[in-house]
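Work through the exercises below with the sequence and the 3D structure at hand. Each task is followed by a solution in steps.

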Amino acid sequence: ADPFDLIRWLARSQSDARKAVAELVQNSIDARAKSIRIERRRLRNAPALVIWDDGEGVLPELGREEALRYLGTHVGHSHKLGLSPAERHSRVIAGQYGVGLLGFWAIGSKLELRSRVAGSGVHVLTLVEDRQTAELGTAPQELDAPDTFTELVVFELHDAAVRQLSGRRLADYLAAELRGPILASGAAIEIHDHLVRGLGQKRFDVTPRRFEGIALDVPPEIAVPGHPSIHVELYLARGVERPAIQLACAGTLVADDIAELDV
């Protein structure tokens with residue numbers, strides 16, 4: 001199968017746009033960002049989502065045009081892990097991130113990635129839904145722009161994404177989905193929802209919380225020969241409709257019910 005078709009199917013199979021946002025935020029954390037800002041607002045007369053971070057940038061060792069050109073010609077592959085689209089697909093099925101930038105198809109119709117590193121000009125990579133080619137360009141530089149930043153803008157949000165990505169829903173989701181990476185990195189994530197009407201709350205902090213329930217007294221570490229040990233936390237949550245054991249890896253929820261896994 002054409003790798004592009006595989007990634008198209010994979011992105012659209014993610015009915016939850018929040019998962020795609022979590023993938024993009026994970027990219028910011030991987031870039032060692034300490035401040036991440038997410039905004040839901042109207043741009044170009046349509047709902048849009050903006051993710052800004054102060055991390056080290058996209059492929060910071062390269063010039064901006066070269067870095068974005070590389071990214072645009074390697075969409076669907078993992079730069080960090082060297083995974084093919086098929087391998088990334090298997091990782092997502094297993095509950096791990098893997099759709100990369102093309103995950104924006106679960107959110108909206110067009111993505112612009114704006115990158116500046118070490119005082120360079122602002123270069124822009126544009127991806128459009130269902131278009132196999134990427135566009136490169138530049139953008140005006142704001143006077144107060146930091147020397148290094150990355151900004152992702154997804155335009156023309158799908159109707160389902162507009163509903164799923166409200167400030168409160170997104171903050172609660174990211175706090176649970178990225179609990180481990182946020183705690184490990186110390187990144188501060190805030191959400192500004194400019195689509196909220198009237199006097200409704202418009203700013204939300206993404207604050208990881210402890211798991212619900214009572215912590216059970218189980219051995220906290222399990223030795224795994226040849227690999228780092230496994231840290232274990234097991235909680236008893238009473239009053240739920242259907243008792244189950246959730247499985248998380250590095251703070252990322254892999255399965256709502258461990259009994260549903262094949263292994």
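A salt bridge is a side-chain nitrogen of Lys or Arg within 4 Å of a carboxyl oxygen of Asp or Glu. This is a predicted model, in which local features need pLDDT of at least 70, side-chain atom pairs count only at pLDDT 80 or more, and totals for chains, interfaces and linings use all residues. Residues are numbered from 1 along each chain as its sequence is written, and side-chain values use heavy atoms, with hydrogens and water left out.

**Exercise 1. Describe the chain as a whole and the confidence of the model.**

Step 1. Start with the secondary structure. The chain has seven helices and 14 strands. Helices (H or I, at least four residues) and strands (E, at least two) are DSSP runs, numbered from the N terminus.

Step 2. Look at burial. Of the 263 residues, 42% count as buried. Buried means under 20% relative accessible area, exposed over 50%, and partly exposed in between (1.4 Å probe, protein chains only).

Step 3. Look at the contacts, where contact means heavy atoms within 4.5 Å. Among contacts with a separation of 6 or more, 63% come from residues 24 or more positions apart.

Step 4. Check the confidence. The mean pLDDT (the predictor's confidence in each residue, from 0 to 100) is 82 for the chain, and 81% of the residues reach 70 or more. Over residues 88–99 the pLDDT is below 50, and beyond near neighbours in sequence this stretch has 36 contacts in the model.

**Exercise 2. For three salt bridges, find the distance between the partners and say how buried or exposed each partner is.**

Step 1. Recall the principle. Side chains of opposite charge can pair when their charged atoms come close. A search of the whole structure finds 13 salt bridges.

Step 2. Take glutamate 39 and arginine 41. Their side chains meet in a salt bridge at 2.3 Å, N to O. Glutamate 39 counts as buried because its relative accessibility is 12%. Arginine 41, at 27%, counts as partly exposed.

Step 3. Take glutamate 56 and arginine 32, whose side chains form a salt bridge at 3.0 Å, N to O. Glutamate 56 lies in the loop between strand 2 (46–53) and helix 3 (64–73), and arginine 32 in the loop between helix 2 (17–30) and strand 1 (35–43), so the pair ties together parts that are 24 residues apart in sequence. Glutamate 56 is partly exposed, with a relative accessible area of 33%, whereas arginine 32 is exposed at 60%.

Step 4. Take arginine 203 and glutamate 190, which meet in a salt bridge at 2.8 Å, N to O. The pair links distant parts of the chain, with arginine 203 in strand 8 (residues 203–205) and glutamate 190 in strand 7 (residues 188–193), 13 residues apart. Arginine 203 is partly exposed at 39%, and glutamate 190 is partly exposed at 23%.

Step 5. Look for a network. Arg44, Lys110, Glu112, Arg114 and Glu151 are linked by salt bridges.

**Exercise 3. Which residues of helix 3 are buried, and what covers them?**

Step 1. List the buried residues. In helix 3 they are Arg64, Ala67, Leu68 and Gly72.

Step 2. Look down the helix axis. The buried residues fall within an arc of 130 degrees, so they line one face of helix 3. The arc is that of the directions from the helix axis to the C-beta atoms.

Step 3. Relate this to helix geometry. An α-helix has 3.6 residues a turn, so residues three or four places apart point the same way.

Step 4. Find the cover. What covers these residues includes strand 3 (108–116), strand 4 (122–128) and strand 5 (135–139).

**Exercise 4. Describe the largest nonpolar core, then the surroundings of leucine 174 and alanine 171.**

Step 1. Define the core. A nonpolar core is a set of buried Ala, Val, Leu, Ile, Met, Phe, Trp, Tyr and Cys residues joined through side-chain atoms within 4.5 Å.

Step 2. Identify its members. The largest core has 42 residues, of which Val25, Ile38, Ile51, Ile107 and Leu174 touch the most other members. Helix 2 gives the most to this core, with seven residues.

Step 3. List the contacts of leucine 174. Leaving aside neighbours within four places in sequence, leucine 174 is in contact with Ala22, Val25, Ile38, Arg179, Ile182, Ile191 and Val206.

Step 4. Turn to alanine 171, in helix 6 (residues 167–177). Alanine 171 is buried because its relative accessible area is 2%. Not counting residues up to four places away in sequence, alanine 171 touches Ile191, Phe204, Asp205 and Val206. From alanine 171 to valine 206 the separation is 35 residues in sequence and 5.0 Å in space, C-alpha to C-alpha.
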